[in-house]
Amino acid sequence: MKELFPMIPKIDYEGPDSDKELAFKRYDPEAAVDGKTERECLRFSMAFWHTMTGEGKDPFGDPSAVRPWDGVDDPMEAARMRMRGLFELTEKLSIPYFCFHDRDIAPQGETLRETNRKLDEIVALAKELMKTSPTRLLWGTANMFSDPRFMHGAATSPDPNVFAYAAAQVKKAIEVTKELGGQNYVFWGGREGYETLLNTDTKREQDNLARFFRMAVDYAKEIGFAGQFLLEPKPKEPTKHQYDFDAAACYGFLSEYELLPYFKLNIETNHATLAGHTMQHELRFARERGILGSVDANQGDELLGWDTDQFPTNLYVSTLMMYEILKNGGLHSGGLNFDAKVRRGSFRPEDIAAAHIAGMDSMARGYRAASRMIADGALDAPLAERYAGWRSGIGASIEAGEQDFESLEAIALDMERIALSSGRQEFLESVVNRYI
Ligand code: XUL
Ligand code: CO
């Protein structure tokens, strides 16, 4: 088949000294680590919406991206080209997975029935391409935020007809995710949130959201979809307040509605920072509760307060991310999905490759630094030392449940001044720097 991106070659690993734009400097897909290849360990994924459907538009500017389907009038032909382009680029870049929303890969029709028909046609093409390609589906999802019908939310809409439409859409999206062997299914809360409390019944909306998730869980069981359901936290944008604010809010919601056994989280770096957290905080919170499922790897801009979805190039962040992921025993069915878009000025097709290379190199470098940090116990030893008091004496007795306020008062009343110990934050930061 004719190449759509002849200007992008198969990307080779050339090592840290390479100055070539289109070459890996750190990510070595075939390198062996713990009996696996780096490709298998890192489980990178390309986001269809940014890389294939994105056009380089912004609120002030028209499409800027130069793509092989420019000028193709038939939306279905453009959709076919995009799907072929996805397989071509993932293979050239040694990216084993991709992710999509239903509406990224195929255009809408007049009715949902017609929309589903178009979707089926593109899904069949993807399935055909998978026969000769190593590229697999990490997760599928439904876009329930672009169409005006979802302006007040989908599962949290005040209009039950919208709830019904959303249910039908997710039903179909789960079916096609299963059809393509998707390993997970993602719910990002689109417009599930509110603009003003003056017109919003927040309790009813969240009850309905839980009801919706319950129906999805039941349907997956009914059709034998064994993929992992993932909830993707985000605090704001597009709504002022998104219900799935951060990992802790998602955990509270899933616990309250007894959905915890069926869901893990898909945590995104830019969403973490929008919530006022570090990515490491979000990953740690999820990991400690056994719900770290997958990652949308990107980054925001320190100076901008919105979801800029840039490719992840910050090595400090990638190292601490990989630290939490490795401590989680990996991401299991999840992966590192580049929910990231090239800047508007990076309009060339080559920029797509360069951006993914930059992201993969950063994550691979973080992965290696974190692996060595863990192997050396570089942070474990100081941590164990800091909490040593809990392993014997009064600490062990408290943790064993043997103490109460009265017994502790008896110990404290005549206690000598407590000897303080340093948190050694700056030293520990220098330890991390040493490994990067
Ligand atoms: C939006 C976002 C989505 C989800 C999938 O901020 O991150 O692209 O990842 O719907
Ligand atoms: Co995302």
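Trainee: How do you know at what angle the axes of helix H11 and helix H16 cross?
Mentor: In this predicted model, the axes of H11 (residues 315-327) and H16 (residues 425-435) come within 10 Å and cross at roughly 95 degrees. That makes H11 roughly perpendicular to H16, because the label covers 65 to 115 degrees (under 35 is roughly parallel, over 145 roughly antiparallel, the rest oblique). Axes are lines fitted to C-alpha atoms, for helices over the stretch in contact, with angles from 0 to 180 degrees between N-to-C directions. Helices are DSSP runs of H or I with at least four residues, strands E runs of at least two, numbered from the N terminus.

Trainee: Which residues in H11 and H16 meet?
Mentor: Tyr316, Thr319 and Leu320 of H11 meet Glu429, Val432 and Asn433 of H16, contact being heavy atoms within 4.5 Å.

Trainee: What makes a residue count as being around ligand 1?
Mentor: One of its heavy atoms has to lie within 4 Å. Among those around ligand 1 are Trp139, Glu232 and Asp339.

Trainee: Why is the pair between Lys234 and ligand 1 a polar contact?
Mentor: An N or O atom in the Lys234 side chain is 2.9 Å from a ligand 1 oxygen. The limit for a pair of N or O atoms is 3.5 Å, so the pair qualifies. A polar side-chain atom of His271 also lies 2.9 Å from an oxygen atom of ligand 1, and for Trp49 the value is 3.3 Å.

Trainee: How much of ligand 1 does the protein cover?
Mentor: The protein covers 93% of the 290 Å² accessible on the ligand alone, by Shrake-Rupley with a 1.4 Å probe.

Trainee: What is the peptide bond from Glu237 to Pro238 called?
Mentor: Cis, with omega near 10 degrees. Most peptide bonds are trans. Pro238 sits in the loop between S8 (228-232) and S9 (241-242).

Mentor: On conventions, residues count from 1 along each chain as written, with chains lettered from A and ligands numbered from 1 in written order. Local features need pLDDT of at least 70, side-chain atom pairs 80 or more, while totals for chains, interfaces and linings use all residues, and side-chain values use heavy atoms, without hydrogens or water.

Terms used: A polar contact is a pair of N or O atoms within 3.5 Å; within protein, one must be able to donate a hydrogen and the other to accept it, and residues adjacent in sequence count only if both atoms are side-chain atoms.
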